[in-house]
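Trainee: Before we use any labels for this model, could we go through the reasoning behind them together?
Mentor: Gladly; let us set each value against its definition.

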Amino acid sequence: NQPLPIALVGEAILKQQADEVRDFDEKLSHLASQMVASMVEAKGVGIAAPQVHSPLALFIMASRPNERYPDAPLMDPVVVVNPQLLSASAELVSGEEGCLSVPGQRFSIWRHQTIVVRYQDLAGQWQQTELTGFIARIFQHEFDHLQGITLLERSQ
Ligand SMILES: O=C(CSC(=O)[C@H](Cc1ccccc1)CC(F)(F)F)c1ccccc1
Ligand SMILES: [Zn+2]
């Protein structure tokens, strides 16, 4: 399916609080697959629904080894719906991030090294897991997007 246009920083959609997902229907699954296609086409490791102009609490995370994080795990895209951050380590780690909504720029960002999170999958089933390292970084980056926060508000 066709990649969706990506909102650029400054657009209002990126400053809003995303809405809770209530309908786990085929429309949601279709949006998720379009988001995966858009992320892959843009060579990203994540993408949040507001970035494709949909104000829903939904994002994709898909870690893969890359020049900045050569030991990042290779994982299939994970669809995260209605995420909650249950706890976060006091330990922070600084790392380089990019954002599809701020093309061509890289930022050094402090993130929690380890987080415990809870979210629903496309079937509406609650998942709870501990994330650490680059995947935790991606989750925190996308979770920010659902609160209307971008890298520009976080960069050191
Ligand atoms: O693939 C990118 C491009 S930027 C990217 O994938 C964002 C996700 C991201 C990249 C790096 C760290 C955390 C999140 C995507 C966004 F903006 F839609 F969320 C990349 C950038 C820096 C390090 C490793 C990978
Ligand atoms: Zn981003």
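**Contacts, pocket and strands**

Mentor: In this predicted model, an oxygen atom of ligand 1 lies 2.8 Å from a polar backbone atom of Val-45.

Trainee: What makes the pair formed by ligand 1 and Val-45 a polar contact?

Mentor: A polar contact needs a pair of N or O atoms within 3.5 Å, and the 2.8 Å between the ligand oxygen and the polar backbone atom of Val-45 meets that cut-off, so the pair is counted. The polar backbone atom of Lys-43, at 3.1 Å from an oxygen atom of ligand 1, therefore qualifies as well.

Trainee: How much of ligand 1 does the protein cover?

Mentor: Of the 510 Å² of accessible area that ligand 1 has on its own, the protein covers 97%. Ligand 1 also sits in the largest pocket, a statement that requires more than half of its atoms to lie within 2 Å of the pocket's grid points.

Trainee: Which residues surround ligand 1 most closely, and what classes make up the shell?

Mentor: The shell holds 19 residues, the closest being Val-45, Gln-51, Leu-100, His-141 and Glu-142; by class there are 7 nonpolar, 6 polar and 6 charged residues. Helix H2 (133-146) and strand S1 (46-48) each supply at least two of the shell residues, and H2 gives the largest share, with 4 residues.

Trainee: Why are strands S2 and S3 called paired?

Mentor: Pairing requires at least two bridges, and because 4 bridges join S2 (residues 58-61) to S3 (residues 78-88), the condition is met, with the strands running antiparallel. Within this pairing, Ile-60 has Val-79 of S3 as its bridge partner.

Trainee: How do you know that S3 also pairs with S6?

Mentor: S3 and S6 (residues 114-120) share 5 bridges in the antiparallel sense, so the requirement of at least two is satisfied; there, Val-81 has Gln-120 of S6 as its bridge partner.

How values were computed
Residues numbered from 1 in each chain as written. Chains lettered and ligands numbered in written order. Predicted model: local features only at pLDDT ≥ 70, side-chain atom pairs only at ≥ 80, totals over all residues. Heavy atoms only, no water. Near = heavy atom within 4 Å. Polar contact = N/O pair within 3.5 Å; in protein donor to acceptor, adjacent residues only side chain to side chain. Areas by Shrake-Rupley, 256 points an atom, 1.4 Å probe, with all protein chains shown as cover. 1 Å grid on protein atoms, 1.4 Å probe; cavity = no way out; pocket = protein on both sides within 12 Å on 5 of 7 lines; lining within 4 Å. Nonpolar A, V, L, I, M, F, W, Y, C, P; charged D, E, K, R; others polar.
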